[in-house]
Amino acid sequence: MSSPLPRPLAGLPVRRLTRDDLVPCADLSEDRGWPRDEHRWGLLLAAGTCFGIDDPDGKGLMATCVVTSYGPRMAAIGMLLVAGRHARQGIARQLMHQVIESTGGTPLSLYATAQGRPLYEKLGFVAVGRAERMSGHFQPPAGPGSPDADVDQGLGVSPGLTVRPASAGDLLAMLRLDGHAFGLDRTHLLTRLPAFADHLRVAEEGGELVGYAGLWPSSASHVVGPLVARDTATAKLLVSSLAGATDRPLRADIDARHEELLRWLGERGLGHGSATTVMTLGEQPPGDWTQCFAPLSVATG
């Protein structure tokens, strides 16, 4: 059993964070060796419920945790961070207990690092999956013609499948596709996606939307997410289209069950990075994993 918190830390209040806490949140990310990601923090503070503990020494935030709710069937936990100077004092456990209590028994999911997994297991979370982080400069397949003409080489896509920039008129179709694939209503996130993402693409065939993907900035990279598609060939076409829109390295957290996409990304120059374990407390997440290739962010589930 873990030892109790030192008396000066045991009674520190947990408070709701607001947009005014964006810079302290980014500072804490940087303190833990993560990208500052003020852009992502802005989304999390707007779309989620963010909790924090102020540093008693007046040095910003001592700890954070974000809950993104998808209704009574599931909420995602992310960004559980504790300042390095206060690590290994039980603060993460204290904060998680209060966050779990605040969700009122709603099933929970999260992406756990190797360092965080033991804590979550002690809290009752169980492993249900894994995500592989792929990153690097995307190398399009060599071939004649313009980059646009080369996009679908070797992908096995049907001739009628096309990818184009998303428009406002695509939102309802995106929400329908996402609701079926993810199994929960993510309207509060997806309606923010056009402003959050630098690029947003949709795939369609015969007038039907069959996939969509976003590309958003994180430090010197661009993150592919969410990536939702009817099949792997459509997912590849979306990634290829987004890769052609940036000179930055790509990063994506791919559901490890999508082995074909992982192999293809490796062939296109992306290397394997850290893996995370998908864990749940309560019921497993609904939805169809075969169409969910990458989350918007591991912080949002």
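**Helix packing, buried positions and backbone features**

In this predicted model, helix α10 passes helix α11 in a right-handed crossing. The axes of α10 and α11, the latter covering residues 259-267, come within 10 Å and cross at roughly 35°. On the α10 side, the residues in contact are Thr-232, Lys-236, Val-239 and Ser-240. These meet Glu-260, Leu-261, Trp-264 and Leu-265 of α11. Sorted by class, the contact between α10 and α11 comprises four nonpolar, two polar and two charged residues.

The spacing of such contact positions can be read against a general property of helices. An α-helix has 3.6 residues a turn, so residues three or four places apart point the same way.

Helix α10 itself merits a further look. This helix runs over residues 232-243, and at 1.5 Å a residue its twelve residues should span 16 Å. The C-alpha atoms at the two ends of α10 are 16 Å apart, which agrees with that expectation. How many of the twelve residues of α10 are buried? Twelve of the twelve are, so α10 is largely enclosed by the rest of the structure. Buried here means a relative accessible area under 20%. The buried residues of α10 include Ala-233, Ala-235, Leu-237, Leu-238, Val-239, Leu-242 and Ala-243. Thr-232, Thr-234, Lys-236, Ser-240 and Ser-241 also belong to the buried residues of this helix. Lys-236 is thus a buried residue of α10 and one of the residues through which α10 meets α11.

A second helix pair lies earlier in the sequence. The axes of helix α2 (residues 22-31) and helix α3 (residues 38-47) come within 9 Å and cross at roughly 125°. An angle between 115 and 145 degrees counts as oblique, and the crossing therefore makes α2 oblique to α3. In handedness, α2 passes α3 in a right-handed crossing. The contact involves Leu-22, Cys-25, Ala-26 and Ser-29 of α2, which meet Glu-38, Trp-41, Gly-42 and Leu-45 of α3. The residues of this contact between α2 and α3 divide into five nonpolar, two polar and one charged.

Three individual residues show how distant parts of the sequence are brought into contact. Leu-189 is located in helix α8, residues 187-190. With a relative accessible area of 2%, Leu-189 is buried. Setting aside residues up to four places away in sequence, Leu-189 touches Leu-43, Ala-47, Thr-68, Tyr-70 and Thr-300. Leu-189 and Leu-171 are 18 residues apart in sequence, and their C-alpha atoms are 12 Å apart in space.

Ala-299 is found in the segment after strand β13 (292-294). Is Ala-299 buried or exposed? Its relative accessible area is 2%, and Ala-299 is therefore buried. Apart from neighbours within four places in sequence, Ala-299 is in contact with Arg-40, Leu-44, Thr-68, Ile-77, Gly-78 and Met-79. Thr-68 is thus contacted by Ala-299 and touched by Leu-189. Ala-299 and Arg-85, by comparison, are 214 residues apart in sequence and 23 Å apart in space, C-alpha to C-alpha.

Tyr-120 lies in helix α5, residues 117-122. This residue is buried, with a relative accessible area of 8%. Leaving aside its neighbours within four places in sequence, Tyr-120 is in contact with Leu-80, Met-96, Leu-110, Ala-112, Phe-125 and Met-279. Tyr-120 and Asp-31 are separated by 89 residues in sequence and by 22 Å in space, C-alpha to C-alpha.

The backbone also has features to note. A cis peptide bond joins Gly-225 and Pro-226, with omega at about -10°. Pro-226 is found in strand β10, residues 221-229. The loop between β9 (208-218) and β10 holds Ser-219. Phi of Ser-219 is near 55°, a positive value in a residue other than glycine. Ser-219 is exposed, with a relative accessible area of 60%.

Which residue lies in the loop between β4 (75-82) and α4 (91-102) with a positive phi? Arg-88 lies in that loop, and its phi is near 60°, in a residue other than glycine. At 86% relative accessibility, Arg-88 counts as exposed.

Technical notes:
Residues are numbered from 1 along each chain as its sequence is written. This is a predicted model: local features need pLDDT of at least 70, side-chain atom pairs count only at pLDDT 80 or more; totals for chains, interfaces and linings use all residues. Side-chain values use heavy atoms; hydrogens and water are left out. Helices (H or I, at least four residues) and strands (E, at least two) are DSSP runs, numbered from the N terminus. The expected span of a helix is 1.5 Å times one less than its number of residues. Buried means under 20% relative accessible area, exposed over 50%, partly exposed in between (1.4 Å probe, protein chains only). Axes are lines fitted to C-alpha atoms, for helices over the stretch in contact, and angles run from 0 to 180 degrees between N-to-C directions. Angles under 35 degrees count as roughly parallel, over 145 as roughly antiparallel, 65 to 115 as roughly perpendicular and the rest as oblique. A crossing is left-handed if the near helix is turned anticlockwise from the far one by less than a right angle, and right-handed if clockwise. Contact means heavy atoms within 4.5 Å. Ala, Val, Leu, Ile, Met, Phe, Trp, Tyr, Cys and Pro count as nonpolar, Asp, Glu, Lys and Arg as charged, and the others, Gly among them, as polar.
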